[in-house]
Amino acid sequence: MSVAVPMATTGLSSRVVMGVGGRIVGVGRSSHNRMMCDHSTTEWRRADKVQRPRRFKVFPLLNIPKARHMDRERHQNLQSIIMLREIIRKWWRAELHFADRHGQVLDWQRTEGLASTASACCRLVRGSREGLRRCNQSVRELHEQFLANRRLRRALVHPCHLRLNLVGAPLYVHDVYEGFLFVEGLLRAPPPERERERLQAQLREWQPGTLDVERTVERLPVLDDENLEKLTELLEYGTGEIAAYEAERTRETERAETSASPEGGAHTRFGHIIGRSAALQEVFKLLEKVSNSEATVLINGESGTGKELVARAIHVNGPRSDKAFVVQNCSAFNDNLLESALFGHMRGAFTGAVRDKKGLFEVADGGTFFLDEVGDMSPALQVKLLRVLQEGTFLPVGGTQPREVDVRVIAATHKELGEMVKRGEFREDLYYRINVIRVHLPPLRERRDDLPLLVDHFLRKHHREGQRARGLSPEALALLGRYAWPGNVRELENEMERLLVLGGDLESLPAELISGRIRDAVAPGGTSALATRATGRLHEAVETLEREMIHQGLLRTGNNKSQLARELGISRSNLILKIARYGLEPGLPPDSEADA
Ligand SMILES: Nc1ncnc2c1ncn2[C@@H]1O[C@H](COP(=O)(O)OP(=O)(O)OP(=O)(O)O)[C@@H](O)[C@H]1O
């Protein structure tokens with residue numbers, strides 16, 4: 001069984017692979033990349049010695065600058081890292097931190113105020129100068145261990161002061177050590193009474209006046225061997241995601257350099273059209289060919305799928321890019337107004353025509369004319385359009401002298417023009433004339449792989465200066481993934497803009513802020529519930545079924561995860577991971593004792 005963890009920034013979808021008993025047995029993108037966990041290993045340190053297959057493709061070092069700039073902000077915003085952080089907070093009430101290649105912790109300041117449930121003890125400790133010094137020292141020691149053993153790619157436990165522990169996993173990007181991810185403030189066993197008192201006394205000395213010291217110490221996470229192994233695997237998964245992201249970034253840079261224009265402008269040709277799904281890859285391939293030509297193009301797709309965006313991209317990347325790009329929606333006006341808008345009119349042609357007026361075909365002369373909703377054009381105007389396309393001439397309204405233009409036409413429609421031809425609603429000759437090259441833009445529901453990337457893109461696009469929001473919570477992203485998106489990318493963009501406004505100062509935008517119509521539609525019994533699934537991808541259908549069974553089971557058993565796990569025939573920890581993945585429980589999962 002595997003759980004997809006979407007990665008918003010790169011569009012890659014990584015997998016946390018669950019084994020028997022809910023153990024994470026692998027993470028990666030293919031079986032080749034998978035890091036298998038040795039099931040016979042009971043003691044985690046011994047696992048370090050096991051020879052493991054490499055997890056990532058290592059790029060030739062020749063091309064990679066050694067001291068490459070690490071964009072930590074971007075790493076923290078990777079959807080998989082956001083998800084990882086939340087899982088660590090939920091399971092262990094601990095915080096995920098980043099240390100750089102010099103052993104400096106980058107995010108203590110940032111996360112302190114935000115994570116009220118995480119590492120409360122360590123936050124208290126770092127409130128004092130001596131505590132902070134000791135924390136930094138422990139981190140440095142762990143850093144030195146990683147430096148001393150460059151071949152070690154697995155996580156380590158390092159004893160911290162106050163008998164607490166750090167668990168950290170080294171980050172290697174293109175085989176170069178770039179720091180580590182770690183979690184602090186962890187106990188390996190419940191402390192005896194005397195130890196606990198000593199710890200409380202130390203905290204009181206460093207932070208006199210703190211009221212909650214007993215509770216803080218009581219709530220310190222205790223990691224048994226099984227939990228420790230899970231945490232190390234999650235941390236290694238996190239470093240793997242960052243390394244994979246960096247590998248993808250390198251590939252993108254290389255691609256951009258390859259497709260740089262001869263004038264030296266290093267732009268990717270269609271970089272502003274976001275998406276890496278197979279469907280969109282096909283579109284990009286076609287666009288590469290179409291853009292360099294002068295051919296008429298017909299773009300077909302539902303409303304909001306990006307038809308105008310694509311038309312503009314064809315123009316900008318084509319031979320007419322320095323000339324005008326003109327847009328007219330053919331369903332916006334009645335017939336007379338549309339004719340006048342397209343072809344212009346002569347003075348006195350109709351009441352109110354007090355002077356000659358150029359039409360948009362003349363404005364677009366030498367450039368590109370994007371005719372949106374061409375299927376809504378009347379038969380009379382279809383004839384005029386055909387003439388421009390075939391002869392390059394037209395008559396303005398009220399005119400007698402034909403005018404000549406040189407315009408590349410890109411037409412678009414959400415209708416099936418072929419069917420309209422059969423019904424006699426669209427001219428067959430015009431259909432063949434505009435349908436020279438057809439670009440089909442699939443609806444968003446058929447390319448859900450693009451969703452995390454688009455979410456990321458729109459959050460960045462509408463992000464206001466100083467705003468803290470870094471991404472969606474895993475629950476929110478999972479919820480969006482189940483929605484049918486009738487309004488396609490436009491609807492998604494509006495939703496992201498709305499979320500950013502409503503999210504105010506929140507770091508991670510929660511599912512509760514998502515529009516009611518979306519939440520209702522994906523709720524059990526909503527319009528996109530299981531019963532409507534007869535087509536589509538198998539894994540999506542399976543995930544929908546899995547989510548439904550877990551959701552209904554939680555309701556039926558009164559949230560008793562142990563019972564539900566038994567009924568479903570999976571381990572409890574596996575169930576908890578799935579609950580987190582599907583966003584079925586916003587708060588902390590109760591302890592197993594609580595369930596019992
Ligand atoms: N793949 C994409 N990447 C980034 N933005 C996109 C993408 N697809 C659509 N958009 C954005 O979604 C919005 C709607 O796109 P656009 O207007 O091109 O759609 P359309 O198909 O022409 O819609 P309509 O048929 O309703 O005119 C725009 O803001 C556009 O920038």
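This is a short dialogue on reading the sheets, the ligand shell and the confidence values of a predicted model.

Q: What ground rules apply to this predicted model?
A: Residues are numbered from 1 along each chain as its sequence is written. In this predicted model, local features need pLDDT of at least 70, side-chain atom pairs count only at pLDDT 80 or more, and totals for chains, interfaces and linings use all residues.

Q: How do I read the sheet that has the order 9-12-15-8-16?
A: Strands of a sheet pair through backbone hydrogen bonds, either parallel or antiparallel. Strands here are DSSP runs of E, at least two residues, and helices are runs of H or I, at least four residues, numbered from the N terminus; two strands pair if DSSP finds at least two bridges between them. In this case five strands make an open sheet with parallel pairing. Strand 9 (325-329) and strand 16 (437-441) are its edges, each pairing on one side only. Neighbouring strands are turned by 20 degrees against each other on average, direction ignored (axes are lines fitted to C-alpha atoms, for helices over the stretch in contact, and angles run from 0 to 180 degrees between N-to-C directions).

Q: How many bridges join strand 12 to strand 15?
A: Four bridges link strand 12 (residues 368-372) with strand 15 (residues 408-413). Leucine 371 has alanine 411 of strand 15 as its bridge partner.

Q: And which pairing does the sheet 4-7-6-5 have, parallel or antiparallel?
A: The pairing in this open sheet of four strands is antiparallel. Its edges are strand 4 (96-99) and strand 5 (156-159), and the average turn between neighbours is 30 degrees, direction ignored. Four bridges join strand 4 to strand 7 (residues 176-186), with leucine 96 opposite valine 183.

Q: Which residues come nearest to the ligand?
A: A residue counts as near if its C-beta atom, placed from the backbone, lies within 6 Å of the molecule. Among the 17 residues around the ligand, the nearest are Ile274, Gly306, Lys307, Glu308 and Val489. Helix 11 (307-316) and helix 19 (488-503) each supply at least two shell residues.

Q: Where should I be careful?
A: Where pLDDT is low, the predicted coordinates should not be read in detail. This value is the predictor's confidence in each residue, from 0 to 100. The protein chain has a mean pLDDT of 77, with 78% of its residues at 70 or more. Over residues 1-67 pLDDT stays under 50, and over residues 586-596 it also stays under 50. For the complex, the predictor gives an ipTM of 0.99 and a pTM of 0.52.

Definitions and conventions
Contact = placed C-beta atoms within 7 Å.
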